[in-house]
There are 2 protein chains.
Amino acid sequence: MKRNSRLSSTLHILVHMADAPDRALTSEQLAGFIHTNPVVVRRTIAGLREAGIVTSSRGHGGGWQLGRAPDKISLAEISAALGETLLPFSTEPESPGCLVEQAVIAVLDDFRLEAERLLTERLSHITLADLTADFRRRYDLIGVSSHAV
Amino acid sequence: MKRNSRLSSTLHILVHMADAPDRALTSEQLAGFIHTNPVVVRRTIAGLREAGIVTSSRGHGGGWQLGRAPDKISLAEISAALGETLLPFSTEPESPGCLVEQAVIAVLDDFRLEAERLLTERLSHITLADLTADFRRRYDLIGVSSHAV
DNA sequence: CGATTCGTAACTAATTAAGTTACATGAAAC
DNA sequence: GTTTCATGTAACTTAATTAGTTACGAATCG
């Protein structure tokens, strides 16, 4: 798993889980999808369990399943559960007392607040179901073109 | 200079430059504002020079100055000149051929495109002049409260 | 009980970005 | 023209972050 690809990797995993709603997938299987280690998977999606997006069970036949229907799981929730920051720039003061820095931080924080509101709003309208639908569309297209040849 | 603080550090520097329009500030002086090394400053704002946001001159009395009026310099230009990415998540394929990944990337790239358009639009309405105005407001407030005491 | 699977801590490795040193280039002062 | 000052840039070092790995305890099923 590359850097900064936690969101896309997690979505990848979740679509696979949505595609197999009847059975639990193990960390090992999920890791295979994104070419990484089972422990990395468990660590990465631990927050999703706490958010109720997925459930996990131990022991024989255990593994991971979606916590609710794919159309009730938005990308906004997933991103938040991953602890991802939408906007990467920092506004930590480095020169406390400097009025110039205070002005910069104030403006930047205002922008960040508004931007995060906007992005979260948009992400909340995209659900896992949209992703699986997109996947099925691609899958069917491949099938059709195979027949055509 | 902390990680991910290139944007705020650069804005800090630029406001100081806007506040001293009559003379060039050296990398050394600029570095002092953000507690870092002159070479880091030169490296960081090299892109701003190429974008015409600042000019630099060598030798005696040399240093850095704004390339145009503060109200003609938007945060969108600055961010772009720094090579900053507004949205941090990666959509690089890691499993070429996997239709699930393709669907995820397609949706995510769509979102990114729209989000970047939105954020850039907003950043293009905030100028260096807005930042200096905010700074002056804070400066005057301090003055007033000092008198009050 | 034995096999399986998650949960998590602890450590290692890889990557990235900042900090530093060094030196060539160019411009102004004298 | 030589000295001084400043940028431009390459190369290297250091620090921080994140992914990968190993290990083992806890829980669950047959």
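In this predicted model, helix α1 (residues 6–18) of chain A packs against helix α5 (residues 99–123) of chain B at an angle of about 130 degrees, and their axes are 9 Å apart. Angles over 115 and up to 145 degrees count as oblique, and α1(A) and α5(B) are therefore oblique to each other. The crossing of the pair is right-handed. On the side of α1(A), the contact is built from Leu7(A), Ser8(A), Leu11(A), His12(A), Val15(A) and His16(A), while α5(B) brings Val100(B), Glu101(B), Val104(B) and Leu108(B). Sorted by class, the residues joining α1(A) to α5(B) are 6 nonpolar, 3 polar and 1 charged.

Within chain B, two helix pairs share α3(B), and it is convenient to take them together. In one pair, the axes of helix α1 (residues 6–18) of chain B and α3(B) come within 11 Å and cross at roughly 85 degrees. The two helices α1(B) and α3(B) are therefore roughly perpendicular to each other. Arg6(B), Thr10(B), Ile13(B) and Leu14(B) of α1(B) make this contact with Val41(B), Thr44(B), Ile45(B) and Leu48(B) of α3(B). By class, the contact of α1(B) with α3(B) holds 5 nonpolar, 2 polar and 1 charged residues.

In the other pair, α3(B) packs with helix α4 (residues 75–82) of chain B at an angle of about 120 degrees, and the axes lie 8 Å apart. That angle makes α3(B) oblique to α4(B). The crossing of α3(B) and α4(B) is right-handed. Here Thr44(B), Gly47(B) and Leu48(B) from α3(B) meet Ile78(B), Ala81(B) and Leu82(B) from α4(B). This contact of α3(B) with α4(B) has 4 nonpolar and 2 polar residues, and no charged ones. Thr44(B) and Leu48(B) thus appear in the contact with α1(B) as well as in the contact with α4(B).

Attention now turns to the DNA, beginning with strand C. There are 26 residues around DNA strand C, and those that come nearest are Arg49(A), Met1(B), Arg3(B), Thr36(B) and Arg58(B). Both protein chains are represented in that list. Three elements of chain A, namely α3 (38–50), β1 (54–57) and β2 (63–66), each supply at least two residues of the surface near strand C, and so does α3 (38–50) of chain B. With 4 residues, α3(A) provides the largest share of this surface. The residues near strand C comprise 5 nonpolar, 12 polar and 9 charged.

On the side of the strand itself, sugar or phosphate accounts for 62% of the atoms of DNA strand C within 4 Å of the protein, and bases for the rest. Several individual pairs involve phosphate oxygens of strand C. A polar backbone atom of Ser27(A) is 2.7 Å from one such oxygen, and a polar side-chain atom of Ser56(A) lies 2.9 Å from a phosphate oxygen. From chain B, an N or O atom in the side chain of Asn37(B) is 3.4 Å from a phosphate oxygen of strand C.

DNA strand D also has 26 residues around it, of which Met1(A), Arg3(A), Thr36(A), Ser27(B) and Arg49(B) come nearest. Near strand D, at least two residues of the surface come from each of α3 of chain A and α3, β1 (54–57) and β2 (63–66) of chain B. The element that gives the most to this surface is α3(B), with 4 residues. By class, the surface near strand D has 5 nonpolar, 12 polar and 9 charged residues.

Of the atoms of strand D within 4 Å of the protein, sugar or phosphate makes up 61%, and the rest are in bases. The pairs found here reach several parts of the strand. A backbone N or O atom of Met1(A) lies 2.6 Å from a phosphate oxygen of strand D. A polar backbone atom of Gly59(B) is 3.2 Å from a sugar or linking oxygen. The side chain of Arg42(B) has an N or O atom 3.2 Å from a base nitrogen of strand D.

Two backbone details in chain A complete the picture. Most residues other than glycine have a negative phi. Asn4(A), in the segment before α1 of chain A, has a positive phi near 60 degrees. His35(A), in the loop between α2 (27–33) and α3 of chain A, likewise has a positive phi, near 50 degrees.

Key
Residues numbered from 1 in each chain as written. Chains lettered and ligands numbered in written order. Predicted model: local features only at pLDDT ≥ 70, side-chain atom pairs only at ≥ 80, totals over all residues. Heavy atoms only, no water. Near = heavy atom within 4 Å. Polar contact = N/O pair within 3.5 Å; in protein donor to acceptor, adjacent residues only side chain to side chain. Nonpolar A, V, L, I, M, F, W, Y, C, P; charged D, E, K, R; others polar. Axes fitted to C-alpha atoms, helices over the stretch in contact; angles between N-to-C directions. Parallel < 35°, antiparallel > 145°, perpendicular 65-115°, else oblique. Left-handed = near helix turned anticlockwise from the far one by under 90°. Contact = heavy atoms within 4.5 Å.
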